[in-house]
Amino acid sequence: MFAKKAAASLAKKGGLSLLSTAARRTKVTLPDLKWDFGALEPYISGQINELHYTKHHQTYVNGFNTAVDQFHELSNLLDRDPSPANARKMIAIQQNIKFHGGGFTNHCLFWENLAPESQGGGEPPTGALAKAIDEQFGSLDDLIKLTNTKLAGVQGSGWAFIVKNLSNGGKLDVVQTYNQDTVTGPLIPLVAIDAWEHAYYLQYQNKKADYFKAIWNVVNWKEASRRFDANKI
């Protein structure tokens, strides 16, 4: 009897809809890795990869799921009480969605962008992507040098992305972002490099330029080429 009254009360207040929406939503999870944690050594240590994946990336997964649940709850609350206070709460939650959602998606790109040397990591791109790199930058080495300059310019924490810009005729560009900001819209990420300290400090300490140089030995250019070819103008 009590359960029926409680359900009726929730339904009147919009809470039943809130609960059913939260129950139905499929939450994001960590992606499966295609290699073992130690497979990228000596360029990235197994210890770093394990902590990076199981702790840092998992934190963004959890934070994004929590923020999305809170967004749904506040959406229902705002329907019933469209006050400035609740509007401010919605704004704050959207900032959490941006941060943790960026952390989740950026790291998914990052893991796909890496491969052990035994799986082709570090092998130069071929086909249309290789041609575009040569035409725009002169050589792969010049593109890597530009990307490393962008990475070195990150003050604090951030990322560098090699992107295909669909709004500019599909030309390549290197984009620098801060914190967990990501690239969206016409900017198609081909390669994502993490410049947060957690990506390198246990191994490279304050010599982050050495990390930026080393990581190209395990960049998966086959995956970058696949993304380049899959996104036509």
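## A tour of the pockets and the annotated site

The lining of the largest pocket is made up of seven nonpolar, two polar and four charged residues. This is a predicted model, and the tour begins at that pocket.

**Stop 1: the largest pocket.** The volume here is about 180 Å³. Thirteen residues would be a lot to pick at once, so select the five that lie closest to the centre among the 13 in the lining: D32, K34, W35, W111 and E112. Next, colour helix α4, residues 84-112. With three residues, helix α4 gives the most to this lining. Now colour domain 1 (46-113) and domain 2 (117-230) separately. Both domains supply lining residues, so the largest pocket lies between them.

**Stop 2: the annotated site.** Select H52, H107, D194 and H198, which an unreviewed UniProt entry annotates as "binding site". These four residues span 147 residues in sequence, yet no two of their C-alpha atoms are more than 12.1 Å apart, so they gather at one spot. Two of them can be taken in turn.

Start with H52, which is found in helix α3, residues 46-80. Is H52 buried or exposed? Its relative accessible area is 1%, so H52 is buried. Show the residues around H52, leaving out those up to four places away in sequence: it touches H57, H107, F110, W111, D194, H198 and A199. That list includes H107, D194 and H198, which belong to the annotation as well. It also includes W111, one of the residues closest to the centre of the largest pocket.

Move to D194, in strand β3, which covers residues 187-194. D194 has 0% relative accessibility and therefore counts as buried. Which residues does D194 contact, apart from neighbours within four places in sequence? They are H52, H107, F110, G158, W159, A199 and Y211. H107, F110 and A199 are on this list, and they are also among the residues that H52 touches.

**Stop 3: the second largest pocket.** This pocket has a volume of about 150 Å³. To display its lining, select G122, L140, D141, I144, N148, K213, W216, N217 and W221. By type, these residues divide into four nonpolar, three polar and two charged. Which helix gives the most to this lining? Helix α6, residues 140-152, does, with four residues.

Keep N148 selected, since it is part of that lining and lies in helix α6. N148 has a relative accessible area of 17%, and the cut-off for buried is under 20%, so N148 is buried. Beyond residues up to four places away in sequence, N148 touches F212, K213 and W216. Of these, K213 and W216 also line the second largest pocket. Add A209 to the selection: it is 61 residues from N148 along the chain, and the two C-alpha atoms are separated by 7.8 Å.

**Stop 4: the whole chain.** Clear the selections and switch to a cartoon view. How many helices and strands does the protein chain have? There are nine helices and three strands. Followed from the N terminus, the elements run α-α-α-α-α-α-β-β-β-α-α-α. Colour by burial next: of the 233 residues in the chain, 44% count as buried, with H52, D194 and N148 among the buried residues. Finally, turn to contacts with a separation of 6 or more: 70% of them are between residues 24 or more positions apart. The pair H52 and D194, visited at the second stop, is in contact.

How values were computed: Residues numbered from 1 in each chain as written. Predicted model: local features only at pLDDT ≥ 70, side-chain atom pairs only at ≥ 80, totals over all residues. Heavy atoms only, no water. 1 Å grid on protein atoms, 1.4 Å probe; cavity = no way out; pocket = protein on both sides within 12 Å on 5 of 7 lines; lining within 4 Å. Points joined across faces, edges and corners; volume = space filled by probe spheres on them. Helix = DSSP H or I, 4+ residues; strand = E, 2+ residues; numbered from the N terminus. Nonpolar A, V, L, I, M, F, W, Y, C, P; charged D, E, K, R; others polar. Domains from an automatic or database assignment. UniProt positions renumbered as here; feature names shortened; annotations may be inferred. Buried < 20%, exposed > 50% of the residue type's maximum accessible area, 1.4 Å probe, protein only. Contact = heavy atoms within 4.5 Å.
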